[in-house]
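The following exercises are to be worked with the sequence and the coordinates at hand. Each task is followed by a solution in steps.

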Amino acid sequence: MKASQLLRKKIADREVTVGVVGLGYVGLPLVREFCNSGVRVIGFDIDQQKVRMLKAGQTYIEHLPGPFFQGLIRKRQFSPTADMKELSRPDAILICVPTPLDKMRQPDMSYIRNTTADIAARLRRGQLIILESTTYPGTTREVVKPMLDATGLRLDRDYFLAFSPEREDPGRSDITTRQIPKVVGGASPTSGRLAAALYGLALERIVPVSSCEVAEACKIVENVYRSINIALVNELKMLFDRMGIDVWEVIEAAKTKPFGYQPFYPGPGLGGHCIPIDPLYLSWKARQYGRPTRFIELAAEINTFMPEYVITRLMEALNESGKSLKGSRVLVLGLAYKKDVDDVRESPSVTLIELLQQRGAKVDYHDPHIPVAKPMREHNITYMKSQPLTPASLRKYDCVLIATDHSRVDYEMVCRNATLVVDTRNATRHVKRPTGRIVRA
Ligand SMILES: NC(=O)c1ccc[n+]([C@@H]2O[C@H](COP(=O)([O-])OP(=O)(O)OC[C@H]3O[C@@H](n4cnc5c(N)ncnc54)[C@H](O)[C@@H]3O)[C@@H](O)[C@H]2O)c1
């Protein structure tokens, strides 16, 4: 029997074993969905600590509860491991490793290359490899495929290759991973069909596209669209601030239009693993074709400037009370890059803390999801701990800077006890009786 027929039968009979490489924000929800569909999953991560925690019934991601995964491990449906030799076992391998930028702000492909090298070292006939990590169009065919071909095995005859972008939105409870439509594009039509059949076991809606390049470009377009629209409202916010118009009220009014407008919200700068990074993967690739990506560059410029803008607004607000930033005590409210998650990657809060410290402020933070600051790639504030948020503690600060609008924070209480609140998220919109001043920034 041909390798493709064998794999198709295994998928149809739900006898396929799925491997997920990279057990992070993207990999773990995929493990959950495939296990829920009754399929056996082997999870791979080079971080031994993560594997140990999963086995002990814990996770390192707040919204993904450890006991659930431990239950799957007990039923032998899920086996997490740091042993890459096991990569020969799964019939299908989903690659969910990081795709950050390097020091020169260019794509850092080392994680994809390392994982592909691990897979290639054990590649066997009949395996389907699917890249899920967000990356520039061309990666699957230009980076992954040559490494797999070097084993002597051939695409379609021996192995299969596809790209399917992850569209996870951590912390979101109204739409589950299972409900998010899954775009799938193969490095060959057979690969695309097999990958679509595989995801069809676990997810509700599959969107097949004609190639892996289309699937790669689709994900980047989604993130470029967000980055540009956020930059647009950020720019409008700065203008409307000057004009004395509340940008948040404008957006609330504009979004009542039933067509032709989708609301995006301003903030203190971009954060997370996706929006500040992924568009730059495309700009980098565009250079090979001699085409500029002016929208992407302009959006990045505006969004990167936002923390500076917020600090200027904060300094002006302190100044009105006769205070300088130097020597002032500032509480940054929210360390995570977005509400109700514990993810600090690229969080603008960290940039805000550093800018405040550079200008001589004494800075603390409070985040109900992050008791101790986590290590980050380019920043080190691991010496900081979340400070209590009480009426007495709030009165110690000259300014409270709301950087993340976590739902668990009582903003009424904050505004009743803080002398000055600088709000970058409109978190105080429902506050009735503030004691001090509230400044939107
Ligand atoms: N987090 C999101 O919201 C999100 C959404 C959509 C897409 N993505 C994309 O998905 C990819 C993964 O992101 P994430 O947020 O899950 O990252 P993450 O850092 O949470 O998880 C990645 C995991 O991969 C592991 N890893 C690194 N190198 C490895 C290797 N060689 N072998 C095995 N494991 C390895 C790390 O230890 C880590 O646990 C990225 O390309 C990202 O852009 C992320």
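Thr 428 lies in the loop between E12 and E13. The model that contains this residue is predicted.

**Exercise 1.** Determine whether Thr 428 is buried or exposed, and identify its contacts beyond four places in sequence.

Solution.
Step 1. The relative accessible area of Thr 428 is 2%. A residue counts as buried under 20%, so Thr 428 is buried.
Step 2. With neighbours within four places in sequence set aside, Thr 428 is in contact with Ile 402, Cys 415, Val 421, Asp 423, Ile 438 and Arg 440.
Step 3. Tyr 309 is 119 residues from Thr 428 in sequence, and the C-alpha atoms of the two are 19 Å apart in space.

**Exercise 2.** Compare the settings of Asn 426 and Arg 105, beginning with the sign of phi.

Solution.
Step 1. As background, most residues other than glycine have a negative phi.
Step 2. Asn 426 has a positive phi of about 60° although it is not a glycine. For Arg 105, also a residue other than glycine, phi is positive and near 55°.
Step 3. Asn 426 is placed in the loop between strand E12 (420-423) and strand E13 (437-440). Arg 105 belongs to the loop between strand E4 (92-95) and helix H5 (110-120).
Step 4. The relative accessible area of Asn 426 is 8%, so this residue is buried. Arg 105, at 43% relative accessibility, counts as partly exposed, because the partly exposed class lies between 20% and 50%.

**Exercise 3.** Establish the strand order of the open sheet formed by eight strands, and find which strands stand at its edges.

Solution.
Step 1. The order is E3-E2-E1-E4-E5-E6-E7-E8, and the pairing is mixed.
Step 2. Strand E3 (78-81) and strand E8 (206-209) are at the edges; each has a single partner strand, so one side of each is left without a neighbour in the sheet.
Step 3. From one strand to the next, the twist averages 25°.
Step 4. Within this order, E4 pairs with strand E5 (residues 128-131) in the parallel sense, over four bridges. Ile 95 stands opposite Leu 131 in E5.
Step 5. Helix H6 (residues 139-149) packs on the sheet, where it touches E5, strand E6 (160-163) and strand E7 (182-186). The direction of H6 makes about 155° with that of E6.

**Exercise 4.** Describe the position and the surroundings of Asp 149.

Solution.
Step 1. Asp 149 is found in helix H6.
Step 2. Its relative accessibility is 19%. The cut-off for a buried residue is under 20%, so Asp 149 counts as buried.
Step 3. Apart from neighbours within four places in sequence, Asp 149 is in contact with Arg 154, Leu 155 and Tyr 159.

**Exercise 5.** State how many residues surround the ligand, and give the distances from oxygen atoms of the ligand to Val 26, Lys 50 and His 273.

Solution.
Step 1. The ligand is surrounded by 26 residues, of which the closest are Val 26, Asp 45, Lys 50, Thr 99 and Arg 345.
Step 2. For Val 26, a backbone N or O atom lies 2.9 Å from an oxygen atom of the ligand.
Step 3. For Lys 50, a polar side-chain atom lies 2.7 Å from an oxygen atom of the ligand.
Step 4. For His 273, an N or O atom in the side chain is 3.2 Å from an oxygen atom of the ligand.
Step 5. Taken alone, the ligand exposes 820 Å², and the protein buries 93% of that.

How values were computed. Residues are numbered from 1 along each chain as its sequence is written. This is a predicted model: local features need pLDDT of at least 70, side-chain atom pairs count only at pLDDT 80 or more; totals for chains, interfaces and linings use all residues. Side-chain values use heavy atoms; hydrogens and water are left out. Helices (H or I, at least four residues) and strands (E, at least two) are DSSP runs, numbered from the N terminus. Buried means under 20% relative accessible area, exposed over 50%, partly exposed in between (1.4 Å probe, protein chains only). Two strands pair if DSSP finds at least two bridges between them. Axes are lines fitted to C-alpha atoms, for helices over the stretch in contact, and angles run from 0 to 180 degrees between N-to-C directions. Contact means heavy atoms within 4.5 Å. A residue is near a molecule or strand if one of its heavy atoms lies within 4 Å of it. A polar contact is a pair of N or O atoms within 3.5 Å; within protein, one must be able to donate a hydrogen and the other to accept it, and residues adjacent in sequence count only if both atoms are side-chain atoms. Accessible areas come from the Shrake-Rupley method with a 1.4 Å probe; for residues, only the protein chains shown count as cover.
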